[in-house]
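Please examine the sequence and the three-dimensional structure shown below. The paragraphs that follow lead from the sheet to the helices, the backbone and the charged pairs.

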Amino acid sequence: MSKIEKQQFRRICGKFASGITIATVLDSEGACHGMTANSFTSVSMTPPLVLVCVDHRTRIREHFRIGEHFGVNILSAGQKDLSDRFAGSGYDRFEGVTWFPGHTGVPLLPDVLATLECARVNVVTAGDHDIVIGEVLHADGQDGEPLVFYSSQYRRLG
């Protein structure tokens, strides 16, 4: 059986609709870092665990490996621009972006559907990504429609 080609794998995985998050973390000097991630999921109810996947090619990876806490901001349907901003590279993604420190100090974004603050409990290397597993310490949410990603495009429900 031959290995699947990278582009075919990407196209097939794109058939799974996912929400969009911005994962955030502080570096050792207290500077904010964040990245758009749709590779996010709940792992366990007891204890409450979630995971986010971080590409090895990103500079933010080291901060998730070292930082004790990280945040997850679940985006609403009207936050495509925020998703695009944190998906880019080569600039300070937080420049000009309103944020507030959560209970653990991690940067959280206002007006998102939900925020989770997590204590990093494990980092597992899998292929070209790190799977960062965190125990949810604090969470908050509000009603609204999610920003959805499907077949390499942003979508809305309905």
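Two strands are said to pair if DSSP finds at least two bridges between them. Helices (H or I, at least four residues) and strands (E, at least two) are DSSP runs, numbered from the N terminus. This is a predicted model, in which local features need pLDDT of at least 70 and side-chain atom pairs count only at pLDDT 80 or more, while totals for chains, interfaces and linings use all residues. Residues are numbered from 1 along each chain as its sequence is written, and side-chain values use heavy atoms, with hydrogens and water left out.

The description begins with the sheet. Strands of a sheet pair through backbone hydrogen bonds, either parallel or antiparallel. Here an open sheet of seven strands follows the order β3-β2-β6-β9-β10-β5-β4, and the pairing is antiparallel. Strands β3 (32-37) and β4 (40-44) stand at the edges with a single partner strand each, so one side of each is left without a neighbour in the sheet. From one strand to the next the twist averages 35°; axes are lines fitted to C-alpha atoms, for helices over the stretch in contact, and angles run from 0 to 180 degrees between N-to-C directions.

The individual pairings can be followed from the β3 edge inwards. Strands β2 and β3 run antiparallel and are joined by six bridges, with isoleucine 22 opposite threonine 36 in β3. The hairpin of these two strands has five residues between them, and glycine 30 takes a positive phi near 90° there. Strand β2 also pairs with β6 in the antiparallel sense, over four bridges, and the bridge partner of isoleucine 22 in β6 is asparagine 73. Strand β6 (residues 69-74) is in turn joined by six bridges to the antiparallel strand β9 (residues 114-126). In this pairing, glycine 71 stands opposite glutamate 117, and histidine 69 stands opposite alanine 119.

Threonine 21 offers a closer view of strand β2, in which it is found. Its relative accessible area is 3%, so threonine 21 is buried (buried means under 20% relative accessible area, exposed over 50%, partly exposed in between, with a 1.4 Å probe and protein chains only). Leaving aside neighbours within four places in sequence, threonine 21 is in contact (heavy atoms within 4.5 Å) with Met35, Thr36, Ala37, Phe40, Val72, Asn73 and Ile74. Helix α3 (residues 80-87) lies across β2 (21-26) and β3, running at about 115° to β3.

Several backbone features lie in loops. Most residues other than glycine have a negative phi, and most peptide bonds are trans. A cis peptide bond, with omega about -5°, joins threonine 46 and proline 47; proline 47 lies in the loop between β4 and β5 (49-55). Aspartate 111 is not a glycine, yet its phi is positive, near 65°. This aspartate 111 is found in the loop between β8 (107-108) and β9 and is exposed, with a relative accessible area of 62%. Serine 151 likewise has a positive phi, of about 50°, although it is not a glycine. The loop between β11 (148-150) and β12 (153-155) holds serine 151, which is partly exposed at a relative accessible area of 26%.

The charged pairs complete the account. Side chains of opposite charge can pair when their charged atoms come close. A search of the whole structure finds four salt bridges, a salt bridge being a side-chain nitrogen of Lys or Arg within 4 Å of a carboxyl oxygen of Asp or Glu. In one of them, arginine 61 meets aspartate 130 at 2.8 Å, N to O. Arginine 61 lies in helix α2 (residues 61-66) and aspartate 130 in strand β10 (residues 129-141), so the pair ties together parts that are 69 residues apart in sequence. Aspartate 130 also forms a salt bridge with arginine 65, whose closest N and O atoms are 2.6 Å apart. Because arginine 65 lies in helix α2 and aspartate 130 in strand β10, this pair ties together parts that are 65 residues apart in sequence. Aspartate 130 counts as buried at 1% relative accessibility, whereas arginine 65 counts as partly exposed at 37%.

Within helix α3, lysine 80 and aspartate 84 meet in a salt bridge of 2.7 Å, N to O. These two residues are four residues apart in the helix, so about one helical turn separates them. Salt bridges that share partners join Arg61, Arg65 and Asp130 into one network.
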